[in-house]
Amino acid sequence: QVQLVESGGGLVQAGGSLRLSCAASGTIFSINTMGWYRQAPGEQRELVATITRGGSTNYADSVKGRFTISRDNAKNTVYLQMNNLKPEDTAVYYCNMNCWSIQGRGKDYWGRGTQVTVSS
């Protein structure tokens with residue numbers, strides 16, 4: 001069984017910064033794409049950023065130039081550095097990982113989410 005645990009959320013003023021972390025634990029052979037998604041109240045979950053095992057990144061237009069995704073493959077951890085935060089960034093942030101077992105089975109896993117609140 002694989003578990004993802006996020007940390008680093010909180011309350012910050014507009015213009016401030018936060019760094020989210022998400023660590024995977026369990027029986028994992030490898031992890032392909034890692035990503036961050038967010039869901040604001042009354043809204044659908046949306047992609048924030050993804051990063052492949054090789055380090056290729058993809059960002060939502062709304063966060064380009066402000067957020068940076070990175071990963072540590074040795075630690076099975078993904079990070080999201082969020083700078084110049086805006087009130088519209090307020091949401092629950094979820095990490096997602098595509099994990100593979102040594103038997104060659106792949107599955108997507110989600111964390112439980114961490115709240116990010118940006119005050120104006």
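# A strand-by-strand tour, starting at N76

Select N76 to begin: with a relative accessible area of 22%, N76 is partly exposed. On this scale buried is under 20%, exposed is over 50%, and partly exposed is in between, using a 1.4 Å probe and protein chains only. Residue numbers run from 1 along each chain as its sequence is written, and side-chain values use heavy atoms, with hydrogens and water left out. The model is predicted, with local features needing pLDDT of at least 70 and side-chain atom pairs counting only at pLDDT 80 or more, while totals for chains, interfaces and linings use all residues.

**Stop 1: the turn around N76**

Stay on N76 and check the backbone. Its phi is positive, about 50°, although N76 is not a glycine. N76 sits in the loop between strand 7 and strand 8. Those two strands form a hairpin with 4 residues between them. Strands here are DSSP E runs of at least two residues, and helices are H or I runs of at least four, numbered from the N terminus.

Now select strand 7, residues 67-72, and show the side chains. F67, I69 and R71 point to one face and are buried, whereas T68, S70 and D72 point to the other face and are not buried. That's the textbook pattern: in a regular strand the side chains alternate between the two faces of the sheet.

Add strand 8. Strand 7 and strand 8 run antiparallel and are joined by 6 bridges; a pair of strands needs at least two DSSP bridges between them. For a spot to zoom in on, I69 stands opposite L80 in strand 8.

**Stop 2: Y79**

Which strand holds Y79? Y79 is in strand 8, residues 77-82. Y79 counts as buried, at 14% relative accessibility. Leaving out residues up to four places away in sequence, Y79 touches R19, L20, S21, W36, T68, I69, S70, R71 and D72, where a contact means heavy atoms within 4.5 Å. Try a distance label from Y79 to C22 as well: the two are 57 residues apart in sequence, but their C-alpha atoms are 6.4 Å apart.

**Stop 3: the loop after strand 8**

Move on to N84, in the loop between strand 8 and strand 9. Here too phi is positive in a residue other than glycine, near 50°. N84 is partly exposed, with a relative accessible area of 41%.

In that loop, also pick E88. Is E88 buried or exposed? E88 is exposed, with a relative accessible area of 58%. Draw a line from E88 to N32: these residues are 56 apart along the chain, and their C-alpha atoms are separated by 29 Å.

**Stop 4: strands 4, 5 and 6**

Select residues 30-39 (strand 4) and 46-51 (strand 5), which pair in the antiparallel sense over 5 bridges. Y37 has L47 of strand 5 as its bridge partner. This hairpin has 6 residues between the strands, and G42 takes a positive phi near 75° there.

Carry on to strand 6, residues 57-59, which pairs with strand 5 in the antiparallel sense over 3 bridges. Look for T50, which stands opposite N58 in strand 6. The hairpin of strand 5 and strand 6 has 5 residues between the strands, and G55 takes a positive phi near 100°.

**Stop 5: strand 11 and its neighbours**

Select strand 11, residues 114-119. T114, V116 and V118 make up the covered face, while Q115, T117 and S119 make up the uncovered one.

How does strand 2 pair with strand 11, parallel or antiparallel? Strand 2, residues 10-13, pairs with strand 11 in the parallel sense over 4 bridges. Click V116, the bridge partner of G10. A91 stands opposite V116 too. Strand 9, residues 91-100, runs antiparallel to strand 11, and 3 bridges join them.

**Last stop: zoom out**

Show the whole chain as a cartoon. There are 11 strands and 0 helices. The C-alpha trace spans about 50 × 25 × 25 Å along its principal axes. Buried residues make up 42% of the 120 residues. Of the contacts with a separation of 6 or more, 53% are between residues 24 or more positions apart.
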